[in-house]
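Here is a walk through one structure in questions and answers, written for someone meeting it for the first time.

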Amino acid sequence: MKLNELTPAPGSRTSPKRVGRGGSSGYGKTCGRGHKGQCSRSGGGVRRGFEGGQLPLQQRIPTFGFRSRVQRITSEVRLHELNAVEGDVVDLQSLRQAGLITANIKRVRIVQSGNVDRALTIRGVKVTKGAGTEIEAAGGKLEE
């Protein structure tokens, strides 16, 4: 078998419509486009979603919500994940080194989920009320 011998399976591809080849073909003269009008011209037709001047569906349906750009640089860390942090100080740098946040994160909030094993000092990171009490109960402290 050679490349020039490759052919599609019989019946898998239909032959294209041959227009402008006489009246008996069924697609002669106007080529199946009818007489005059926008759709009979080359390049004619209306854009996708156009409803003849009526307000289109994609504009009629209501919009909702928005995406905050702050959301891209904000992350949450669970309380039990702090056990993976080396050392006693938890800040953005130590969270990055522990692999808990990515490089683009600039704002972090610690939420209460699980327990802390040791006393930690939280610096430059926001803490929820429940997580703050858990950290202080374990002997840690919060610094702003």
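Q: Leaving aside neighbours within four places in sequence, which residues is leucine 82 in contact with?
A: The model shown here is a predicted one, and leucine 82 is a useful place to begin. Leucine 82 belongs to the largest nonpolar core, where it is listed among the residues that touch the most other members. With its neighbours within four places in sequence left aside, leucine 82 is in contact with Val77, Val90, Leu95, Ile110, Arg118, Leu120 and Ile122.

Q: How many residues make up the largest nonpolar core?
A: Leu79, Leu82, Val90, Leu95, Val108, Ile110 and Ile122 are the members of this core that touch the most other members. Strand 3 and helix 3, the latter covering residues 129-137, each supply at least two residues of the core. Counted in full, the largest nonpolar core has 16 residues.

Q: How far apart are the closest N and O atoms in the salt bridge of glutamate 76 with arginine 109?
A: Side chains of opposite charge can pair when their charged atoms come close. Glutamate 76 forms a salt bridge with arginine 109, and because glutamate 76 lies in strand 1 (residues 74-78) and arginine 109 in strand 3 (residues 107-111), the pair ties together parts that are 33 residues apart in sequence. Both partners are partly exposed, glutamate 76 with a relative accessible area of 46% and arginine 109 with 39%. The closest N and O atoms of this pair are separated by 2.8 Å.

Q: Which residue forms a salt bridge with glutamate 81?
A: Glutamate 81 counts as partly exposed, its relative accessibility being 22%. Its partner is likewise partly exposed, with a relative accessible area of 44%. The closest N and O atoms of the pair lie 3.7 Å apart, and the residue that completes this salt bridge is arginine 78.

Q: How many residues apart in sequence are the parts that arginine 123 and glutamate 143 tie together?
A: Arginine 123 forms a salt bridge with glutamate 143, with 2.8 Å between the closest N and O atoms. Arginine 123 is in strand 4 (residues 121-123) and glutamate 143 in strand 6 (residues 141-143), so the parts tied together by the pair are separated in sequence by 20 residues.

Q: What is the distance between the C-alpha atoms of arginine 123 and glycine 99?
A: Arginine 123 counts as partly exposed at 38% relative accessibility. Not counting residues up to four places away in sequence, arginine 123 touches Val89, Val90, Asp91 and Glu143. Glycine 99 is 24 residues away from arginine 123 along the chain, and the distance between their C-alpha atoms is 17 Å.

Q: Is threonine 121 buried or exposed?
A: Threonine 121 lies in strand 4. Leaving aside its neighbours within four places in sequence, threonine 121 is in contact with Asp88, Val89, Val90, Lys141 and Glu143. Since buried means under 20% relative accessible area, the value of 14% for threonine 121 makes this residue buried.

Q: Which strand supplies the largest share of the lining of the largest pocket?
A: The largest pocket has a volume of about 200 Å³, and its lining consists of Val70, Thr74, Lys106, Arg107, Val108, Arg109, Gly124, Val125, Lys126 and Glu144. By class, three of the lining residues are nonpolar, two are polar and five are charged. The largest share of the lining, three residues, comes from strand 3.

Q: Which residues does glycine 49 touch, not counting residues up to four places away in sequence?
A: Glycine 49 is found in the segment before helix 1, a helix that covers residues 57-60, and at 34% relative accessibility glycine 49 counts as partly exposed. The C-alpha atoms of glycine 49 and glutamine 59, ten residues apart along the chain, are separated by 10.0 Å. Not counting residues up to four places away in sequence, glycine 49 touches Pro56 and Gln58.

Q: What is the approximate phi of lysine 29?
A: Most residues other than glycine have a negative phi. Lysine 29 lies in the segment before helix 1 and is exposed, with a relative accessible area of 73%. Although lysine 29 is not a glycine, its phi is positive, at about 50°.

Note on methods:
Residues are numbered from 1 along each chain as its sequence is written. This is a predicted model: local features need pLDDT of at least 70, side-chain atom pairs count only at pLDDT 80 or more; totals for chains, interfaces and linings use all residues. Side-chain values use heavy atoms; hydrogens and water are left out. A salt bridge is a side-chain nitrogen of Lys or Arg within 4 Å of a carboxyl oxygen of Asp or Glu. Helices (H or I, at least four residues) and strands (E, at least two) are DSSP runs, numbered from the N terminus. Buried means under 20% relative accessible area, exposed over 50%, partly exposed in between (1.4 Å probe, protein chains only). A nonpolar core is a set of buried Ala, Val, Leu, Ile, Met, Phe, Trp, Tyr and Cys residues joined through side-chain atoms within 4.5 Å. Contact means heavy atoms within 4.5 Å. On a 1 Å grid over the protein atoms alone, a cavity is a set of points where a 1.4 Å probe fits but cannot get out, and a pocket is an open set with protein on both sides within 12 Å along at least five of seven lines; lining residues have an atom within 4 Å of a point. Grid points are joined across faces, edges and corners, and a volume is the space filled by probe spheres set on the points. Ala, Val, Leu, Ile, Met, Phe, Trp, Tyr, Cys and Pro count as nonpolar, Asp, Glu, Lys and Arg as charged, and the others, Gly among them, as polar.
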